Amino acid sequence: MEFTINEILDMQNKLQEKYKSKWEPICVATGQNKLLWMIGEIGEVVDIIKKNGAEKTVSEPELRQKLVEEMTDVLMYYGDVMNCYSITSDELKESYVKKFEKNMKRW
């Protein structure tokens, strides 16, 4: 399944709407918390690879599934962060393309 940043943001908004009475709101004031949760999930990804080694993690189906699951958690918090700071997919694309072009001219 291929999907876009807009679809990710929309899905995150649907989750937030469904759990608005249980989860902290999506707003600038909670953006830092979402970043911290995302960093925690990145730590879980790193732990999987450190514990099992990169080759084993990507080649063994059960470990690979766990890796992908944790990367999904990272991506979900990433969507929340973008929503907290009202970063649009167009802004992200423009910035990404500029950074890409700059990096393509290095060395």
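This is a short walk through one chain, from its overall layout down to a few individual residues.

A word on the source before the details: what you are looking at is a predicted model.

I will start with the whole chain. There are five helices in it and zero strands. Read from the N terminus, the order of elements is therefore easy to remember: α-α-α-α-α. If you draw a box around the C-alpha atoms along the principal axes, that box comes to roughly 45 × 40 × 30 Å.

Next, burial and surface. The chain has 107 residues, and 22% of them are buried. Its accessible surface is about 8,400 Å², with 58% of that belonging to carbon and sulfur atoms. As for contacts, take those in the chain with a separation of 6 or more: 64% of them are between residues 24 or more positions apart.

On charge, the chain carries 16 positive and 19 negative charges. The mean position of the positive charges and that of the negative charges are 3 Å apart.

Now to the aromatic residues. How many aromatic pairs does a search of the whole structure find? It finds two. The one I want to show you is tryptophan 37 with tyrosine 77, which is a stacked pair, with 6.4 Å from centre to centre and 10 degrees between the planes. This pair links distant parts of the chain, since tryptophan 37 is in helix H2, residues 28–52, and tyrosine 77 is in helix H4, residues 61–84, 40 residues apart. Tryptophan 37 itself is exposed, at a relative accessible area of 52%.

Staying with H4, look towards its end, at asparagine 83. This residue is in helix H4, and it is buried, with a relative accessible area of 16%. Which residues does asparagine 83 touch, leaving aside its neighbours within four places in sequence? The answer is Leu9, Gln12, Asn13 and Ile26.

One position further on is cysteine 84, which brings up disulfides. The structure holds zero of them. Why is cysteine 27 not bonded to cysteine 84? The sulfur of cysteine 27 has its closest cysteine sulfur in cysteine 84, but the distance is 6.2 Å, which is too far for a bond, because a disulfide needs the two sulfur atoms within 2.5 Å. Seen from the other side, cysteine 84 is in no disulfide either, and its nearest cysteine sulfur is that of cysteine 27. The two residues also differ in cover: cysteine 27 is partly exposed at 28% relative accessible area, whereas cysteine 84 is buried at 2%.

Last, two backbone details. Serine 86 lies in the loop between H4 and helix H5, which spans 89–104. Its phi is near 55 degrees, a positive value in a residue other than glycine. Is serine 86 buried or exposed? With 54% relative accessibility, serine 86 counts as exposed.

The other case is tryptophan 107, in the segment after H5. Here phi is near 45 degrees, again a positive value in a residue other than glycine. Tryptophan 107 counts as exposed too, at 92% relative accessibility.

To recap, this predicted model has five helices and zero strands, a stacked pair formed by tryptophan 37 and tyrosine 77, and zero disulfides.

How values were computed:
Residues are numbered from 1 along each chain as its sequence is written. This is a predicted model: local features need pLDDT of at least 70, side-chain atom pairs count only at pLDDT 80 or more; totals for chains, interfaces and linings use all residues. Side-chain values use heavy atoms; hydrogens and water are left out. Rings of Phe, Tyr and Trp (its six-membered ring) pair if their centres lie within 6.5 Å; planes under 30 degrees apart count as stacked, over 60 as edge-to-face and the rest as tilted. Helices (H or I, at least four residues) and strands (E, at least two) are DSSP runs, numbered from the N terminus. Buried means under 20% relative accessible area, exposed over 50%, partly exposed in between (1.4 Å probe, protein chains only). Contact means heavy atoms within 4.5 Å. Accessible areas come from the Shrake-Rupley method with a 1.4 Å probe; for residues, only the protein chains shown count as cover. Lys and Arg count as positive and Asp and Glu as negative; His and the chain ends are not counted. The place of a charge is taken as NZ of Lys, CZ of Arg, CG of Asp or CD of Glu.
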